[in-house]
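Subject: Structure handover

Hi,

Here is the structure I said I would pass on. Have a look at it first, and my notes follow underneath.

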Amino acid sequence: MSNIVSIQNIAQYVGQEVTIQGWLYARTDKGKLQFLQVRDGTGTMQAVLFRGNVPDEVFEAGKRLTQESALIVQGLVKENPRAPGVPGGYEVDATDLQVVQIAEEYPITPKEHGVEFLLENRHLWIRSRLQWAILRLRATVMRACRDWLDSHDYLEMSTPILTPAAGEGTSTLFEVDYFGDKVYLAQTGQLYNEANIYSFGKVYCFGPTFRAEKSKTRRHMTEFWMLEPEMAFCDLDGLMAMEEEFMSYIVQRCLEERANELAVLERDTTALQRVTPPFPRISYDEALERISKIRAETGDEEQKELLALEWGQDFGSPHETALTQQFDKPIFVYGFPTIAKAFYMEPWPGRPEVCKSVDMLAPEGYGEITGGSERISDPNLLLQRIHQHNLPPEAFKWYIDLRRYGSVPHSGFGLGVERTVAWIAGIHHVRETNPFPRTLGRVYP
Ligand code: 4AD
Ligand code: MG
């Protein structure tokens, strides 16, 4: 057998005999010619079976192939600008074909299917071209996150999934029975990373996090992946400066490495090219004013209702959407009301009703993709907040300890992978950005 190659590298093999292992995506017959669209995981390309070039039994075997049948095809790589699939245009002129398995009638056909049907068949849906492109983009986002952090001396630390207390509020906890005790699935790894920075300086954790979100929106999942960097000796300004460098790098990596996937998704990449530092920085108070103005100017009564917001409330999706439509790159909104945010955020100097928090909102209406803050560094204030939030002080004894031994200003944030990928891919709902999404109404397959 000739060299087994990946479709994504096919341009390197023009004029050579190669072997491709994959599945039949689609086919067309034209008498003595069969055009097989073959996908191998790295891409899709055309294999041409010409009756004159292959033995009769091979040509007949080609005709038996149904959608998603597994096959191994050998042939000569040729340039053909009109061939679909690989950018640049290449095809394989087949010399041999082995059928590995003839697939049963495949439930997902090129016709339109409802999203519930597709989600029920997610194990098959991930083979579809758009889903393939989205999930390839996701892998690049995740790798870019790690590459940037690793090359800037952040150390990856694993943080626990089973936790004794809430990190992000008690209303979205998943409870687990732990040999008769109650524990919770982690909503965040942040608190443990605050311990880790005192050993390693700059760290991050990267893994699944869990929220029993009762909200059924296009931005909420019950299990999602979060990347959480944490830095010692870093204040809110330092945090924003780091975040804008980091996010710009991720987007540029996607543009470089996933041009084909972005083209498959028909993503407007000019919007992504604009993602370079600095990002506009807007205070919560200014954001509120902007939203009130949009609200005052809209003639749409429903929109007016949705955009109602009083000082002290956190933004919902409609507010973020309206606000981010005014910008063409991600923005920072900082200085949220203390009562709207988690217990651990450092108060604004001289203005304790405001905290040193910052959300990054993606443009084009996507909204919050990262949330972070400077953390309280005083043990007494922290204990006071734990009481105010009705959290069990015994479970946070270790966390307060961190403020007793060498406490320093420190900051960090969490990036939601699914929301970030949805924005970069330009798709509507976060569920398609996770291979097997968990949402309010679904844990199958
Ligand atoms: O703003 P959040 O809740 O912040 C934290 O959990 C902090 N402990 C992070 C930190 O400072 N280390 O969540 C961070 C990000 C959000 O901006 C959003 O992108 C994503 O996580 N996220 C969700 N993504 C999908 N579904 C949900 N239910 C999400 N909740 C948060
Ligand atoms: Mg948040």
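Among contacts between residues at least 6 apart in sequence, 68% join residues at least 24 apart. Bear in mind that this is a predicted model. The protein has 445 residues, and 53% of them count as buried. You'll find 14 helices and 18 strands in there, and the C-alpha trace spans about 85 × 55 × 40 Å along its principal axes.

Salt bridges next. The count comes to 29, and I'll go through a few.

Glu68 and Arg127 meet with N and O 2.9 Å apart. This pair links distant parts of the chain: Glu68 sits in the loop between α1 (56–64) and β4 (70–79), Arg127 in the loop between α3 (122–125) and α4 (129–151), and 59 residues separate them. Are the two partners buried or exposed? Glu68 is buried, because its relative accessible area is 4% and the cut-off for buried is under 20%. Arg127, at 29%, counts as partly exposed.

Another one to look at is Asp314 with Lys341, where the closest N and O atoms are 3.5 Å apart. Asp314 belongs to the loop between α10 (301–306) and α11 (317–324), and Lys341 to the loop between β13 (331–334) and β14 (347–348), so this salt bridge ties together parts that are 27 residues apart in sequence. Here Lys341 is the buried partner, with 12% relative accessibility, while Asp314 is partly exposed at 32%.

Arg51 and Glu60 also form a salt bridge, with 3.3 Å between the closest N and O atoms. In this case Arg51 is partly exposed, at 29% relative accessibility, and Glu60 is partly exposed too, at 36%.

Which residues are joined into one network by salt bridges that share partners? They are Arg143, Asp147, Arg253 and Glu257.

On to the aromatics. The structure holds 17 aromatic pairs. Phe279 and Phe332 make a tilted pair, with 5.8 Å from centre to centre and 35° between the planes. Phe279 is in the loop between α8 (269–273) and β12 (281–283), whereas Phe332 is in strand β13, 53 residues away in the chain. Both Phe279 and Phe332 are buried.

Strand β13 also carries Tyr334, which pairs with Trp348 in strand β14, 14 residues apart. Why is the pair of Tyr334 and Trp348 called stacked? The ring centres are 5.9 Å apart and the planes are at 20°, and planes under 30 degrees apart count as stacked, so the label fits. Tyr334 counts as partly exposed at 21% relative accessibility, and Trp348 is also partly exposed, at 27%.

If you want a group of rings instead of a pair, go to the aromatic cluster formed by Tyr192, Phe343, Tyr344, Phe396, Trp398 and Tyr399.

Now for some helix packing. Helix α9 (residues 284–297) packs against α11 at an angle of about 90°, and their axes are 10 Å apart. That makes α9 and α11 roughly perpendicular to each other. Which residues make the contact? From α9 they are Ala287, Arg290, Ile291 and Ile294, and from α11 they are His319, Ala322 and Leu323. By class, this contact of α9 with α11 has 5 nonpolar, 1 polar and 1 charged residues. For the spacing on the α9 side, it helps to recall that an α-helix has 3.6 residues a turn, so residues three or four places apart point the same way.

Last stop is helix α14 (residues 417–425), which is mostly covered, with 8 of its 9 residues buried. The buried ones are Val417, Glu418, Thr420, Val421, Ala422, Trp423, Ile424 and Ala425. Note that Glu418 is on that list. After α14 comes Gly426, which has a positive phi near 75°.

Cheers

Methods:
Residues numbered from 1 in each chain as written. Chains lettered and ligands numbered in written order. Predicted model: local features only at pLDDT ≥ 70, side-chain atom pairs only at ≥ 80, totals over all residues. Heavy atoms only, no water. Salt bridge = Lys/Arg side-chain N within 4 Å of Asp/Glu carboxyl O. Buried < 20%, exposed > 50% of the residue type's maximum accessible area, 1.4 Å probe, protein only. Helix = DSSP H or I, 4+ residues; strand = E, 2+ residues; numbered from the N terminus. Axes fitted to C-alpha atoms, helices over the stretch in contact; angles between N-to-C directions. Parallel < 35°, antiparallel > 145°, perpendicular 65-115°, else oblique. Contact = heavy atoms within 4.5 Å. Nonpolar A, V, L, I, M, F, W, Y, C, P; charged D, E, K, R; others polar. Phe/Tyr/Trp six-rings, centres within 6.5 Å; stacked < 30°, edge-to-face > 60°.
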